[in-house]
Amino acid sequence: MTFDVRRFDIYRKVPKDLTQPTYTGAFISVCCCVFMLFLFLSELTGFIATEIVNELYVDDPDKDSGGKIDVSLNITLANLNCDLVGLDIQDEMGRHEVGHIDNSMKLPLNSGYGCRFEGKFSINKVPGNFHVSTHSATAQPQSPDMTHVIHKLAFGDKLQVQNVQGAFNALGGAEVNGRPSQRGHCIWTVAVGDT
């Protein structure tokens, strides 16, 4: 018995009787090609098309933050002394804090005239509000100039998109000329949890 090298050939020829074309084979081949083209185009249009999905669900207060929302605030009050500036928080669960100071910082500007207020705090997921005011000051000014610039007002966790206008930091960069209210205290109020 002689050794034949052709046994190692992995590209073997198919016998002629197995490669004869038929009408049935041509029909099946054309149908398969059309079906594959249809699948490719439908997947391509599904990939390219943008779909906006709105979701509404009831928030579970027991998850993650225990029914609280983190707030990050950074504003400059150009014409108000830091001794007069404070943060007030109030909600329907009975929370009412005047002059909230936890995780907040007041930086005097222009030799003590003007103030940059930065704060991080949590609020309950119920109807309520918070506002920067002079309520916590020992002596109330007659007509405070509440002109301010909002550098940042962001709600939610620490995963924030930076330098994006719109829903992420909607009031970022807003400038407001202060007109004293009838009480002369409140700059602005953000309502939380109202529907």
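Which side chain does a polar contact of 2.7 Å join to that of asparagine 124, besides lysine 68's? The partner is aspartate 91. The points below start from there.

This is a predicted model, in which local features need pLDDT of at least 70, side-chain atom pairs count only at pLDDT 80 or more, and totals for chains, interfaces and linings use all residues. Residues are numbered from 1 along each chain as its sequence is written, and side-chain values use heavy atoms, with hydrogens and water left out.

1. **Asparagine 124.** This residue sits in strand 5. Strands (E, at least two residues) and helices (H or I, at least four) are DSSP runs, numbered from the N terminus. Asparagine 124 counts as buried because its relative accessibility is 12%. Buried means under 20% relative accessible area, exposed over 50%, and partly exposed in between (1.4 Å probe, protein chains only). Its side chain has a polar contact of 2.7 Å with the side chain of aspartate 91. Another, also of 2.7 Å, joins it to the side chain of lysine 68. A polar contact is a pair of N or O atoms within 3.5 Å; within protein, one must be able to donate a hydrogen and the other to accept it, and residues adjacent in sequence count only if both atoms are side-chain atoms.

2. **Strand 1 with strand 5.** Strand 1 covers residues 68-77 and strand 5 residues 115-124. They run antiparallel, joined by ten bridges. Two strands pair if DSSP finds at least two bridges between them. Lysine 68 stands opposite asparagine 124 here.

3. **Strand 4 with strand 5.** Strand 4 (residues 104-108) also runs antiparallel to strand 5, with five bridges. Methionine 105 faces glutamate 118 across this pair, standing opposite it. The hairpin of these strands has six residues between them. Asparagine 110, in that hairpin, takes a positive phi near 50°.

4. **Asparagine 103.** Here is another residue to check by its backbone angle. Its phi is positive, about 55°, although asparagine 103 is not a glycine. Most residues other than glycine have a negative phi. Asparagine 103 lies in the loop between strand 3 (96-97) and strand 4. It is exposed, with a relative accessible area of 64%.

5. **The disulfide.** The structure holds one disulfide, a pair of cysteine sulfur atoms within 2.5 Å. Cysteine 82 and cysteine 115 form it, with their sulfur atoms 2.2 Å apart. The torsion about the S-S bond is about 105°, so the disulfide is right-handed. Cysteine 82 lies in the loop between strand 1 and strand 2 (86-91), and cysteine 115 in strand 5, so the pair ties together parts 33 residues apart in sequence. Both ends are buried: cysteine 82 has a relative accessible area of 7%, and cysteine 115 is at 0%.

6. **Cysteines 31 and 33.** Cysteine 31 is in no disulfide; the nearest cysteine sulfur, that of cysteine 32, is 7.0 Å away. Cysteine 31 is partly exposed because its relative accessibility is 36%. Cysteine 33 is in no disulfide either, and the sulfur of cysteine 32 is again the nearest, at 7.0 Å. Cysteine 33 counts as partly exposed, at 48% relative accessibility.

7. **Phenylalanine 47.** This residue lies in helix 1 (residues 23-48). It counts as exposed because its relative accessibility is 69%.
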